Amino acid sequence: MFYEGKEQLQRDEAMRSCGIAAQTIMLAAKSMGYDSNPMIGFDPEKVAQLINLPEDHVISMMMVVGKQIKPAMPRGGQLPLDKIVFTDGF
């Protein structure tokens, strides 16, 4: 009943739940010797069209699981831990 009539809250919870599920899949894949990566840069509306996604569903992310053939490209712009983790206040 908490989510009833609250479309944005329902969507937010779906995205959180999918994020947790995706991380679990990625950790399980790694424990089995596979590599994984969440994907960006795709058109979710086009993908929804291609897979005949029902109107009341939403794509939260796409992920690949497989064996890495070359090292990942370095990622820049990551903040130090003390800039993103706060304890006992903001």
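A charge is taken to sit over a ring if NZ of Lys or CZ of Arg is within 6 Å of the ring centre and within 35 degrees of the ring normal. In this predicted model, Lys 6 meets that description, lying over the face of Phe 2 at 4.6 Å from the ring centre. Another such case is Lys 67, which is found over the face of Tyr 34, with 5.0 Å to the ring centre.

Phe 2 also takes part in an aromatic pair, and the structure holds one such pair. Its partner is Tyr 3: the two ring centres are 5.2 Å apart and the planes stand at 80°, so the arrangement is edge-to-face. As for solvent, Phe 2 is exposed, with a relative accessible area of 53%, while Tyr 3, at 34%, counts as partly exposed. Phe 2 thus brings together two contacts worth a look in the viewer: the ring of Tyr 3 and the side chain of Lys 6 over its face.

Helix α1 covers residues 7–31. Its 25 residues should span 36 Å at 1.5 Å a residue, and the end C-alpha atoms are indeed 36 Å apart, so expectation and model agree. Gln 8 belongs to this helix and is exposed, its relative accessible area being 52%. Between the C-alpha atoms of Gln 8 and Gly 89 there are 27 Å, for a separation of 81 residues along the chain.

After α1 comes Gly 33, with a positive phi near 90°. Met 32 is likewise placed beyond the helix, in the loop that links α1 to β1 (35–39), and is exposed at 58% relative accessibility. Met 32 joins Ile 25, Tyr 34 and Val 65 in making a nonpolar surface patch of about 390 Å². Tyr 34 therefore has two roles to note here, as a member of that patch and as the ring beneath Lys 67, because NZ of Lys within 6 Å of the ring centre and within 35 degrees of the normal counts as over the ring.

Positive phi values also turn up in residues other than glycine. Asn 52 has a phi near 55°; this residue is located in the loop between α2 (44–50) and β2 (62–66), and is exposed with a relative accessible area of 66%. Asp 88 shows a phi near 60°, again positive in a residue that is not glycine. Asp 88 lies in the segment after α3 (81–84), and at 82% relative accessibility it counts as exposed.

Technical notes:
Residues numbered from 1 in each chain as written. Predicted model: local features only at pLDDT ≥ 70, side-chain atom pairs only at ≥ 80, totals over all residues. Heavy atoms only, no water. Phe/Tyr/Trp six-rings, centres within 6.5 Å; stacked < 30°, edge-to-face > 60°. Buried < 20%, exposed > 50% of the residue type's maximum accessible area, 1.4 Å probe, protein only. Helix = DSSP H or I, 4+ residues; strand = E, 2+ residues; numbered from the N terminus. Patch = residues over 30% accessible without salt bridge, like charges linked within 9 Å, V, L, I, M, F, W, Y side chains within 5 Å. Areas by Shrake-Rupley, 256 points an atom, 1.4 Å probe, with all protein chains shown as cover. Salt bridge = Lys/Arg side-chain N within 4 Å of Asp/Glu carboxyl O. Expected span 1.5 Å × (residues − 1).
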